[in-house]
Amino acid sequence: MSSSEIETILDAAASFKKSKAPKDLAGRFLAFLFSEPSTRTRTSFEVAARNLSAEVLGFSTASSSLLKGESLLDTIKNLEAMGVEYFVVRNEVSGVLEPLAGQTSASLINAGDGAHEHPTQALLDIFTLREKKGAIKGLKVVIVGDIAHSRVARSNIHGLTKLGAKVTVCGPRALVPSGIEKLGASVSHDLDNALQGADAVNVLRLQLERQEQNLVTSLPDYYQSFGLTPERLAKVPDCVVLHPGPMNRGVEISSEVADGPQSAILEQVANGVLVRMAVLSLIQQWRTHGR
Ligand code: CP
């Protein structure tokens, strides 16, 4: 997306905060195709779709013919033949949606694909930061944690740098992939240094389920070097704390920080509904009038 498309989504989300939700998706069917667990994204999209009066199907991949070997594309085409126009997809395969997009006239919305992208999470992170700081341009944002396995990090780097923020990724060497600078982020392996002058820190969990071997020596060691503690945060009193969830308290973030005055974590969750309403509503406009 271009920076102006991102701004359009953020502005639409802001307008939903002030006004009653329109019935933009009335009579439109939406289905979820989730093959990885989710608490926030799945529910947030469902609340967003219902707010816009969509017909949300109770389709479950876990009891579908995907388990009998049917492909994701065939599943989409069959549901599309029944009138489903929107698919919100979470999948373990990076880049799974792009080849499918040209083969269906339904709208496919990425709700997280492998370690690749999680666009609506980045949009809601950026929306929350814009609310807190007034603008994104010129902000210094630190993303700390398991950068190597994080789709949230990648989508945030794309979105934040397009809007003029400076992004530093921080983590142990084994969890920061080589070449990440090419996306426009600088790299640090020292959280105390990285946090100097930071306007926001986005804390990511260790994705142990995606690590084929132990990439950190121990969880207490990791917390000591990269955990967001009250002592670290005290040095940057204006720094907003973000976390996409799920949190592992005492591993990447202390409870005192997560529940403290600098935390915007539950505001992110609330804003996620507005951002997803904006995404669904704009897609419906594009489907009707062209992009
Ligand atoms: N942030 C996020 O994607 O959370 P869930 O995995 O719970 O959807």
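Visitor: What makes the link between a nitrogen atom of the ligand and the side chain of Gln121 a polar contact?

Guide: The ligand nitrogen is 3.0 Å from an N or O atom in the side chain of Gln121. A polar contact is a pair of N or O atoms within 3.5 Å, so this pair counts. By the way, this is a predicted model: local features need pLDDT of at least 70, side-chain atom pairs need 80 or more, and totals for chains, interfaces and linings use all residues. Residues are numbered from 1 along each chain as its sequence is written, and side-chain values use heavy atoms, leaving out hydrogens and water.

Visitor: Which other atoms pass that test?

Guide: A polar side-chain atom of Thr41 lies 2.7 Å from a ligand oxygen, and a polar backbone atom of Pro244 is 2.8 Å from a ligand nitrogen.

Visitor: How do you know which residues are around the ligand?

Guide: Each must have a heavy atom within 4 Å of it. Among those around the ligand are Ser38, Arg40, Arg90 and His118.

Visitor: Why is strand 3 called mostly covered?

Guide: Strands are DSSP runs of E, at least two residues, numbered from the N terminus. Buried means under 20% relative accessible area, with a 1.4 Å probe and protein chains only. In strand 3 (residues 84-91), eight of eight residues are buried, so the name fits.

Visitor: And why do we say that strand 1 and strand 3 pair?

Guide: Pairing takes at least two DSSP bridges. Strand 1 (residues 29-34) and strand 3 have six, in the parallel sense, so they pair. One bridge joins Leu30 to Tyr86 in strand 3. Strand 3 also pairs with strand 4 (residues 107-113), parallel again, over five bridges, and there Val89 partners Asn110.

Technical notes:
Buried < 20%, exposed > 50% of the residue type's maximum accessible area, 1.4 Å probe, protein only. Helix = DSSP H or I, 4+ residues; strand = E, 2+ residues; numbered from the N terminus. Polar contact = N/O pair within 3.5 Å; in protein donor to acceptor, adjacent residues only side chain to side chain.
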